[in-house]
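Grab a viewer and work through these exercises at your own pace. Try each task before you peek at the solution.

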Amino acid sequence: GIAETGAKPNHIVAVSAGNHSQGVSLACRKLDIPCTIVCPSIAPPSKLAATQRYGATVVPEGKSFEAALGFGMDLCKKMGGCFLHPFAQCAVIEGQGTVGVRMARENKKMGYGQLDAVLVNVGGGGLISGVALYLEGLAKASSTTRPMIIGVQAKNVAPLEGSVANGGRRKYVNKNQTTLADGCNVKQPGSAIHDIVLDEHVDKYVSVSELQIAAAVAHCLVATRTVAEGAGVLGLAALLYGTVTGLENKRVGVVVCGGNIGMNHLVNCAEFGATALGKACVVSIPLVDRPGELLRFVNEAARCACRVRGVKHGRGAHLSPEMAVVQLELWTNSFRSQIRFLKRLINMGMSPVVESRDAVPKADVVYAEVDALLAAKAGEGEVQRQTLERAFIKQETQRLRREYGDSQPQRPPASRVKL
C-alpha cells in the first residue's frame with residue numbers, strides 16, 4: 001500500500017525473532033523509511049546482524065517474544081510510528097499465504113498431482129493461516145478436495161497442540177521456555193484476526209522434539225545442501241519421524257522456510273542431528289588394559305565402515321586394576337554399520353554401551369537387536385554363575401562328608417566354607 005499511495009509513515013516499528021524483521025528492514029530501506037526492530041534479547045546474533053545490514057535499528061528487549069512485543073508496541077506509540085505485527089495483521093497473513101501459492105504452482109508444474117496434506121511450521125500462526133486460506137480457496141475454485149492442513153510446533157513450545165480437539169483451548173507454556181526453533185518461540189499464538197483460521201481451518205496440530213528438529217536441520221543440509229533454521233524445518237521433522245500417522249503413500253507438501261541460524265546452533269544441530277540420523281555415535285567398551293587391545297577395536301570399526309574421530313581411555317576406582325574403559329567417537333554410514341560393529345564386539349565377548357543413544361529417536365527400536373544380544377549374553381553369564389555355584393556346593397558337600405562322615409549336617413557352617 002505505501003508504494004502505491006505514496007503515503008509514507010515517519011517511522012516503522014516491528015517486533016520479530018528473525019524473518020519478519022529482515023523483510024520489514026529490506027522494504028523500509030527500499031522505500032527510504034526509518035525502521036526500528038525490537039527482538040527478544042535471546043535472539044541469535046546472526047539474525048540481529050542480518051537485520052542491521054539492511055539498515056534497521058535493532059533493539060534487543062525481553063527474554064521472550066511476548067515481552068519484546070509489549071515493549072515494541074509501547075515504543076511505537078511513543079515514536080508516533082506505524083507498527084507492523086509479525087502475524088496478527090491481514091496484510092501480513094496475505095503475504096505469508098503466497099507460500100501456498102508457490103507450493104501449488106510448483107506442484108502443478110512438476111505434475112505431482114493433487115496434494116493430500118500440507119505440513120506447515122507454526123509460531124504465531126500467520127504463515128499457516130495464509131497457506132490454509134489460499135489452498136482452501138483454490139480447492140473451492142477448482143472443485144477439488146482441500147488438502148489436510150497440519151500445523152507443526154516445537155514440543156517445548158506447543159500451545160496449539162490438541163487445541164482442535166479441545167475447542168480451541170491453548171496449552172500454557174512457561175514464558176522462559178526455549179527451543180532450537182527460536183523463530184517459532186511464541187507462547188500465545190493467534191489473535192482476534194486469525195484465531196478462527198487456526199481453530200477451524202487447520203485439521204490438526206502436532207509437535208516435534210528438539211532432537212528431531214536438530215536431525216531435520218542436519219538432514220536438510222546433507223540431502224539438499226540447504227541451510228535451514230530450526231523454525232523452518234518443523235514440518236520436515238514431523239515427516240521424517242512419522243509424527244503424523246496416515247500419510248503413507250500420500251502426496252505431502254512440506255514448507256521449509258528460514259535460514260537464519262547462528263553458527264553455534266548449526267554446529268549443535270550438526271552434532272546431534274548426525275547422531276539422530278545414524279551418521280555418528282559414541283561407544284564405550286570395557287576391556288583388559290594390555291597392549292594391542294585398542295587396536296583390535298579400531299580395526300573392527302574399520303571393517304564395519306566406521307571411522308574413528310576421537311578416543312578416550314579411562315581407568316578408575318570403579319574398575320579392577322587390570323581393566324580400562326575405552327570410549328570411541330565414530331563417524332558411521334548408517335545405523336546398520338553401527339549395529340554391525342556392536343554385534344561384532346559382542347561376539348568378541350565385549351559388552352559395548354552406546355553412550356549417544358539418548359540422542360537417537362526411538363533408540364529402543366533402532367538398537368533392539370543389540371539389546372537382545374546383550375541381554376542374552378547377560379543371561380548366559382547368570383546361568384554360568386549358577387552352574388559354577390551348584391558345582392561348588394556339591395564339591396564342598398562331598399568334601400565335608402569325607403571329612404566328617406554322613407552323620408554331619410549336609411549344610412556346613414558358613415565359617416567352614418572356603419570361597
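**Exercise 1. At 47% relative accessibility, does Arg 303 count as buried, partly exposed or exposed?**

Solution. First, the cut-offs: buried is under 20% relative accessible area, exposed is over 50%, and partly exposed is in between, using a 1.4 Å probe and protein chains only. With its 47%, Arg 303 therefore counts as partly exposed. Next, look for its salt-bridge partner (a side-chain nitrogen of Lys or Arg within 4 Å of a carboxyl oxygen of Asp or Glu). That partner is Glu 300, with 2.9 Å from N to O. Glu 300 itself is buried, because its relative accessibility is 11%. Both residues sit in helix H12 (residues 293-303), three residues apart, or about one turn of the helix. Elsewhere, salt bridges with shared partners link Glu 136, Lys 140, Arg 146 and Asp 203 into one network.

A quick note on the ground rules: this is a predicted model, where local features need pLDDT of at least 70 and side-chain atom pairs count only at pLDDT 80 or more, while totals for chains, interfaces and linings use all residues. Residues are numbered from 1 along each chain as its sequence is written, and side-chain values use heavy atoms, with hydrogens and water left out.

**Exercise 2. How many salt bridges are there, and which parts does the pair of Arg 309 and Glu 271 tie together?**

Solution. The count comes to twelve salt bridges. For the pair in question, the side chains of Arg 309 and Glu 271 meet at 2.9 Å, N to O. Arg 309 is in strand E10 (residues 306-314) and Glu 271 in helix H11 (residues 263-276), so the salt bridge ties together parts 38 residues apart in sequence. Helices (H or I, at least four residues) and strands (E, at least two) are DSSP runs, numbered from the N terminus. Now check the cover: Arg 309 is partly exposed at 30%, and Glu 271 is partly exposed too, at 37%.

Then try one more pair, Glu 293 and Arg 290, whose closest N and O atoms are 3.4 Å apart. Glu 293 is buried at 6%, whereas Arg 290 is partly exposed at 47%.

**Exercise 3. In what order do the four strands of the open sheet lie?**

Solution. Start from strand E9 (residues 280-288), which is mostly covered, with seven of its nine residues buried. Two strands pair if DSSP finds at least two bridges between them. On one hand, nine bridges join E9 to strand E11 (residues 323-332), and the two run antiparallel. Here Pro 286 has Val 325 of E11 as its bridge partner. On the other hand, E9 pairs with strand E12 (residues 353-354) over two bridges, also in the antiparallel sense. Val 283 stands opposite Val 354 in E12, and Ser 284 has Val 353 as its partner there.

Put together, the order is E10-E11-E9-E12, with antiparallel pairing. The edge strands are E10 and E12, since each pairs on one side only. In general, strands of a sheet pair through backbone hydrogen bonds.

**Exercise 4. Which residues does Thr 51 touch, leaving out those up to four places away in sequence?**

Solution. Find Thr 51 in helix H3 (residues 45-53). Thr 51 is buried, because its relative accessibility is 3%. With contact meaning heavy atoms within 4.5 Å, the neighbours are Ser 21, Gln 22, Ser 25, Ile 37, Ala 56 and Val 58. Then look for a polar contact: a pair of N or O atoms within 3.5 Å where, within protein, one must be able to donate a hydrogen and the other to accept it, and residues adjacent in sequence count only if both atoms are side-chain atoms. One such contact, at 3.2 Å, joins the side chains of Thr 51 and Ser 21.

**Exercise 5. How many helices and strands are in the chain, and how much of the chain is buried?**

Solution. Zoom out: the chain has 15 helices and twelve strands. Of its 419 residues, 43% count as buried. Finally, of the contacts with a separation of 6 or more, 69% are between residues 24 or more positions apart.
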